[in-house]
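Reader: I am in my first year of study, and I should be grateful for a close look at a single part of this model. Could you please take me through the small sheet and then show how its surroundings relate to the rest of the assembly?

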Protein chains: 2
Amino acid sequence: MNPDGAGRRPPTAQQFVLAELRRAITTGRLRPGAPIRQDALAEELQVSRVPLREALKTLEGEGLVTHQAHKGYCVATLSLDDLREVYRIRELLEEEAVRRAVVRLTDADLDRLEAVQGDVERAAAAGDVLAMATANRVFHMTLFDCAGMPRLARLIRTLWDSTDAYRSMYYGDGGNRERVVKEHRATLDALRRRAADEAVATLNVHRDHAVTELRSLLPASP
Amino acid sequence: MNPDGAGRRPPTAQQFVLAELRRAITTGRLRPGAPIRQDALAEELQVSRVPLREALKTLEGEGLVTHQAHKGYCVATLSLDDLREVYRIRELLEEEAVRRAVVRLTDADLDRLEAVQGDVERAAAAGDVLAMATANRVFHMTLFDCAGMPRLARLIRTLWDSTDAYRSMYYGDGGNRERVVKEHRATLDALRRRAADEAVATLNVHRDHAVTELRSLLPASP
DNA sequence: TCTCCATATTTTGGATCCAATATTGAAAAT
DNA sequence: ATTTTCAATATTGGATCCAAAATATGGAGA
């Protein structure tokens, strides 16, 4: 399918570790708030602590882990306020991305989006939570990349990452999966008609619902 | 003046190196595009390469340096498009920050802003470019911090950092310094009257002028 | 029993050393 | 003379080792 398939190990150890850690955090295998024991992790991943620490520094920059000198790293925990803040910032940035994308979308772009939407619908039908999360993400990022603003896209990507640990739970519910499918359809339709306001609105509805749902999933008082 | 004065060396080597590198890049001592020779830098800063590399990873996350595996780090260069993109993103985020700040500003906050504005005016009068850049930055960050959205403030800070190398040149011109002083006054006035739209507008004018000026300072074809 | 302090252990931060990759320069072949 | 190949060198990536700090442990005193 893809030339450098998902299983191919990256050229450097820190890139490998980075990918592994990101997955572990965004899928929830490393729980929010959990301390990161460097020695144990390094041994588990079969690398020394040096590349591990560099990967952690990258993740710290992205807000997925926190660090205190001489105390170590922890998987970041988001308070309700943090979550709301992230979603508000996403709203600002994604609106811009969509508006730029709308006026630049080619037919090929729309075809790609349609194809990805196919993946989303298949995952939703199959009830495959992980595939759903991945395809949904690809759908949005594909759209945002069309804005032709690489830095903006990167920022948005980072914001998504920082809440992935919580978002995965969202797709556990079949109703939510159906909802996402419908909302994507509405977005695609608006994009085809170059209706920017409408496209932005559908995404905002989507986000608002997600943040509402996530409130109930948050730890009691972080 | 300040309990942990500027000259105090941070507790860990990587924090020290991080601060040093940030200064070197944002003041232009390390020029955009310049390769970063780790051995030489480590020796110059009297540390080993390990904390240096961790600091570089942090700076990479902030976009101040770029990295290629097995080739090394370079000080990031911004194309005109990059610059415009950064300023556009800033516009989006700073508008939000200002609007939130306006409804939360206390008298103490306004007093602090007024005090910082005093620093700005003194630096402008003295023609001290570095002091001017610093005070201007403090003025804006103080305002943005009042929004009570720490992540938003951090993002904005990072965006400022990424263009600091170019912005320093801006203050070389006395006319620009005067302009900044006047625009800050207008912003402060609008803030006092809780006139959000107006405050946002003054900042937008400010940014637009800066980005126009910076166009002429960019390298020919990066 | 609880608190406080000294000590031992664990864990992180940093330095040095080695390996892998990239770059440079020179020699050889066309 | 130009290009290509191959070796020498320089530079980065990673592993191991040591030092510093924090945490856990245990005992003495109130």
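Author: What follows begins with the sheet of chain A and then turns to the DNA strands and the partner chain. Please keep in mind throughout that this is a predicted model.

Let us start with the order of the strands. Chain A holds an open sheet of 3 strands, arranged as β1-β3-β2 with antiparallel pairing. The edge strands are β1, residues 35-36, and β2, residues 65-68, and each of these pairs on one side only. In general, the strands of a sheet pair through backbone hydrogen bonds, and the pairing may be parallel or antiparallel.

The two pairings can be taken in turn. Strand β3 of chain A, residues 72-75, pairs with β2(A) in the antiparallel sense over 4 bridges. Along this pairing, Q68(A) stands opposite G72(A), H67(A) has Y73(A) as its bridge partner, and V65(A) stands opposite V75(A). On the other side, β1(A) and β3(A) are joined in the antiparallel sense over 2 bridges. Here I36(A) has Y73(A) as its bridge partner. Y73(A) is thus a bridge partner of H67(A) and also of I36(A).

The turn of the hairpin deserves attention as well. Between β2(A) and β3(A) there are 3 residues, and in this hairpin H70(A) takes a positive phi near 70 degrees. The backbone of H70(A) also takes part in a contact with DNA: one of its polar atoms is 3.3 Å from a phosphate oxygen of DNA strand C.

This leads from the sheet to DNA strand C. The strand is surrounded by 20 residues, and the closest are R49(A), H67(A), A13(B), Q14(B) and S48(B). H67(A), already met as the bridge partner of Y73(A), is therefore one of the residues closest to DNA strand C, where being near requires a heavy atom within 4 Å. Of the atoms of DNA strand C that come within 4 Å of the protein, sugar and phosphate account for 71%. One contact with a base is that of R53(A), where a polar side-chain atom lies 3.3 Å from a base nitrogen of the strand. From chain B, a backbone N or O atom of A13(B) lies 2.4 Å from a phosphate oxygen of DNA strand C.

Helices also contribute to this surface. At least two residues each come from α2 (38-45) and α3 (49-62) of chain A, and from α1 (13-26) and α3 (49-62) of chain B. By class, the surface near DNA strand C has 6 nonpolar, 8 polar and 6 charged residues.

The other DNA strand may now be considered. DNA strand D is surrounded by 20 residues, and the closest are A13(A), Q14(A), S48(A), R49(B) and H67(B). Sugar or phosphate supplies 70% of the atoms of DNA strand D within 4 Å of the protein, and bases supply the rest. A polar backbone atom of A13(A) is 2.4 Å from a phosphate oxygen of this strand. From the side chain of Q14(A), an N or O atom is 3.0 Å from a phosphate oxygen of DNA strand D. In chain B, a backbone N or O atom of I36(B) lies 3.2 Å from a phosphate oxygen of DNA strand D. The helices that each supply at least two residues of the surface near this strand are α1 and α3 of chain A and α2 and α3 of chain B.

Finally, how are the two chains related? Chain A can be laid on chain B with an RMSD of 0.1 Å by a turn of 180 degrees and a shift of 0.1 Å along the axis. That is the relation of a two-fold axis. Their contact takes 29 residues from chain A and 29 residues from chain B. Within it, K57(A), E85(A) and R151(A) supply 24% of the area that chain A buries against chain B, more than any other three residues. The area buried between the chains is about 2600 Å², and carbon and sulfur atoms give 58% of it. Because 100% of the interface residues of chain A are also interface residues in chain B, the copies meet through the same surface.

How values were computed:
Residues are numbered from 1 along each chain as its sequence is written. Chains are lettered from A and ligands numbered from 1 in the order in which they are written. This is a predicted model: local features need pLDDT of at least 70, side-chain atom pairs count only at pLDDT 80 or more; totals for chains, interfaces and linings use all residues. Side-chain values use heavy atoms; hydrogens and water are left out. Two strands pair if DSSP finds at least two bridges between them. Copies are superposed by least squares on the C-alpha atoms of residues with pLDDT of at least 70 in both. Contact means heavy atoms within 4.5 Å. A polar contact is a pair of N or O atoms within 3.5 Å; within protein, one must be able to donate a hydrogen and the other to accept it, and residues adjacent in sequence count only if both atoms are side-chain atoms. Ala, Val, Leu, Ile, Met, Phe, Trp, Tyr, Cys and Pro count as nonpolar, Asp, Glu, Lys and Arg as charged, and the others, Gly among them, as polar. Buried area is the accessible area (1.4 Å probe) that two parts lose on being put together, summed over both.
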